[in-house]
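Biologist: Could we take a close look at a single part of this model, namely the place where the ligand sits, and what surrounds the ligand there? Please go slowly, as for someone in the first year of study.

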Amino acid sequence: MGELAADKHVKYIISVEKKKDSFESVVMEHLRLNGAYWGLTTLDILGKLDAVDEEDVISWILKCQDESGGFAGNIGHDPHVLYTLSAVQVLALFDKVDILDADKVSNYIVGLQNEDGSFSGDIWGEVDTRFSYIAICCLSILQRLDKINVDKAVEYIVSCKNLDGGFGCTPGGESHAGQIFCCVGALAIAGALHHVDKDLLGWWLCERQVKSGGLNGRPEKLPDVCYSWWVLSSLIMIDRVHWINKDKLVKFILDCQDMENGGISDRPDDAVDVFHTYFGVAGLSLLEYPGLKPIDPAYALPVDVVNRIFFSKK
Ligand code: GRG
């Protein structure tokens, strides 16, 4: 089996950051804050967060904040919870959450909770269990979870549970590993994992492993490195990770590396990108691959960062 080309992945991430006119940068312009979270968390897991200029990153993030308190994907764009969580997570990596006005950011999120407990992603109203996870994760990091109706939020997530044990975007929506991560992660943070049928869901999740060792996101679909995160983190949170073949999954992720220029792709021999590089490295961290910082399956941040948020005296 090949090895993790850690140094090459560090170089790749830094090069993407520098090439502002490249195709990848242009298509990611509107979600640059998500990209910053993927790239910087990868660097931190690899123990190389100091390869970037912290002050540059933080001053750019602050410029992405809207007067509503929410963050946009880039300067001058519209705010959305997707980028608000990334902003808070990146600041947490640098131990700088305190520079935020936590009430202002949390009021933005609180204002997006609907009567039925669900969350909209922004003022335009789209509802999705992704946004329930983001709201709960973000408010928990800001230590402001008590500002929303957590019982109602949990009730809504539970209403998205299906007969196969999985969860979808909205009630009745097809089970999908990405949404399952969101629902299980939100329930874990809210202390409500008892709503999950762990054996039933564990069975559905471990059936995502295909012959190559990779994981897909739902039945009959192709495997993709990103599901190494969505599926594996969910299995860990429900204590069923021993139901998949870990060695085969490690091999699948390593086979998706560009050994020459760094980066990880969705499947072997495809083009690499920052999203798959992050989820490949984060998946390997969950698989306890040597030399990587452990990552927390619910907060999607390195364990030392999560411990610093909740256990350090300030
Ligand atoms: C902090 C890690 C973290 C996440 C924030 C945005 C979010 C919360 C979660 C997204 C969860 C999700 C829906 C992931 C799936 C992404 C994905 C690869 C979707 C592709 O869907 P299809 O239908 O792919 O194109 P398949 O694999 O089903 O063919």
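Modeller: What follows is a walk from the pocket that holds the ligand to the ligand's own surroundings, and then to another pocket for context. Please keep in mind throughout that this is a predicted model.

The ligand sits in the second largest pocket, which has a volume of about 510 Å³. This second largest pocket is lined by 23 residues, and those closest to its centre are Trp 38, Leu 82, Arg 130, Trp 230 and Phe 279. Several helices contribute to the lining, since α3, α5 (81–93), α7 (129–141), α9 (177–189), α11 (227–237) and α13 (274–286) each give at least two residues to it. Sorted by class, the lining of the second largest pocket has 16 nonpolar residues, six polar ones and one charged residue.

Turning from the pocket to the ligand itself, there are 16 residues around the ligand, and the ones that come nearest are His 176, Gln 179, Arg 218, Lys 221 and Tyr 227. In this shell, α5, α7, α9 and α11 each supply at least two residues, and the classes divide into nine nonpolar, four polar and three charged residues.

Three of the side chains can be followed atom by atom, starting with Arg 218, where an N or O atom of the side chain is 2.5 Å from an oxygen atom of the ligand. For the side chain of Lys 221, the distance from an N or O atom to an oxygen atom of the ligand is 3.0 Å, while for the side chain of His 176 the corresponding distance is 3.4 Å. On its own the ligand has 750 Å² of accessible area, and the protein covers 72% of that area.

For context, the largest pocket of the model contains about 600 Å³ of space. Its lining is made of 24 residues, with Val 16, Glu 17, Lys 18, Lys 20 and Arg 32 closest to the centre of this largest pocket. The elements that give two or more residues to this lining are α1 (6–18), α2 (23–27), α3 (32–45) and α4 (54–63), and α3 provides the largest share, with six residues. By class, the lining of the largest pocket comprises 13 nonpolar, four polar and seven charged residues, whereas the lining of the second largest pocket, where the ligand sits, includes one charged residue.

Note on methods. Residues are numbered from 1 along each chain as its sequence is written. This is a predicted model: local features need pLDDT of at least 70, side-chain atom pairs count only at pLDDT 80 or more; totals for chains, interfaces and linings use all residues. Side-chain values use heavy atoms; hydrogens and water are left out. On a 1 Å grid over the protein atoms alone, a cavity is a set of points where a 1.4 Å probe fits but cannot get out, and a pocket is an open set with protein on both sides within 12 Å along at least five of seven lines; lining residues have an atom within 4 Å of a point. Grid points are joined across faces, edges and corners, and a volume is the space filled by probe spheres set on the points. Helices (H or I, at least four residues) and strands (E, at least two) are DSSP runs, numbered from the N terminus. Ala, Val, Leu, Ile, Met, Phe, Trp, Tyr, Cys and Pro count as nonpolar, Asp, Glu, Lys and Arg as charged, and the others, Gly among them, as polar. A residue is near a molecule or strand if one of its heavy atoms lies within 4 Å of it. A polar contact is a pair of N or O atoms within 3.5 Å; within protein, one must be able to donate a hydrogen and the other to accept it, and residues adjacent in sequence count only if both atoms are side-chain atoms. Accessible areas come from the Shrake-Rupley method with a 1.4 Å probe; for residues, only the protein chains shown count as cover. A molecule sits in a cavity or pocket if more than half of its atoms lie within 2 Å of its grid points.
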